[in-house]
Amino acid sequence: MIHIIGIGLNGKDSLTKEALDVIGRASLVVGGARHLEEFKNIKARKLSVSGGLDKIASAIKEHIRNGKNNVAVLATGDPSLFGIADFIIKRFGKRGVRIIPNVSVVQEAFARIKENSNGLKVFSAHGRTAGLEKLCDGILENDKAAIFTDPRNPPSRIAAELLKKGGRGYTVYVAEELGTGKERVTKGSLPSVSRKKSFSA
């Protein structure tokens, strides 16, 4: 069984006893460096996602083929919300996968700005090399949107594209490094965010 476990902003402390037990019994644990660091004392083989998703899939497949089928994949927040769950299910099917979600970063962001998320539409510009115009068309069709960004598509670039398409009157919140000592939430407008060039990766 492949267990995909969402980890909240409080790291290990955000996990239920059930999730901790699954990780403790796993023979292979996959995750980002920050997540693996939380479990550095467990005996399982550890594999970082920094090697790429195809490498992870191959390692999991080989692990299972060798009769070791207790795999824990550590993810941030809700693994089904633009997370690794979709990739794992496409590669291994639904039957052999179990998801234990946590509070998503979107939920955390809305808690910080103290706004309800009723009617919210979630988008992702993360990893996009093209199609930003189409993404922005979708954003502008909604009264309320949350957008995952990355260094290639930072908030300033998305804000500038939305302005080009006639976006006006939006209140914008940029949430950076949530749950860390560098946490920052900035409130502004599309013009003010489009002019700010420096955001955390």
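A residue counts as buried under 20% relative accessible area, as exposed over 50%, and as partly exposed in between. In this predicted model, F148 has a relative accessible area of 21%. F148 is therefore partly exposed.

F148 also takes part in an aromatic pair. The structure holds one such pair. Its members are F82 and F148, arranged edge-to-face. The ring centres lie 5.9 Å apart, and the planes meet at 65°. F82 sits in the loop between β4 and α4 (85-92), whereas F148 belongs to strand β7 (residues 145-148). The two parts are 66 residues apart in sequence, so the pair ties them together.

Strand β4, which precedes the loop of F82, is also part of an open sheet. Strands of a sheet pair through backbone hydrogen bonds, either parallel or antiparallel. Here five strands line up in the order β3-β2-β4-β1-β5, and the pairing is parallel. β3 (45-48) and β5 (97-100) are the edge strands. Each of them pairs on one side only. From one strand to the next, the twist averages 20°.

Within this sheet, strand β2 (residues 28-31) runs parallel to strand β4 (residues 71-76). Three bridges join the two strands. V29 has A72 in β4 as its bridge partner.

Lysine side chains also meet aromatic rings. The charged end of K121 sits over the ring of F123, at 5.9 Å from the ring's centre. K196 lies over the face of F199. Here the distance to the ring centre is 4.4 Å.

Note on methods:
Residues numbered from 1 in each chain as written. Predicted model: local features only at pLDDT ≥ 70, side-chain atom pairs only at ≥ 80, totals over all residues. Heavy atoms only, no water. Pairing = 2+ DSSP bridges. Helix = DSSP H or I, 4+ residues; strand = E, 2+ residues; numbered from the N terminus. Axes fitted to C-alpha atoms, helices over the stretch in contact; angles between N-to-C directions. Phe/Tyr/Trp six-rings, centres within 6.5 Å; stacked < 30°, edge-to-face > 60°. Buried < 20%, exposed > 50% of the residue type's maximum accessible area, 1.4 Å probe, protein only. Lys NZ or Arg CZ within 6 Å of the ring centre and 35° of its normal.
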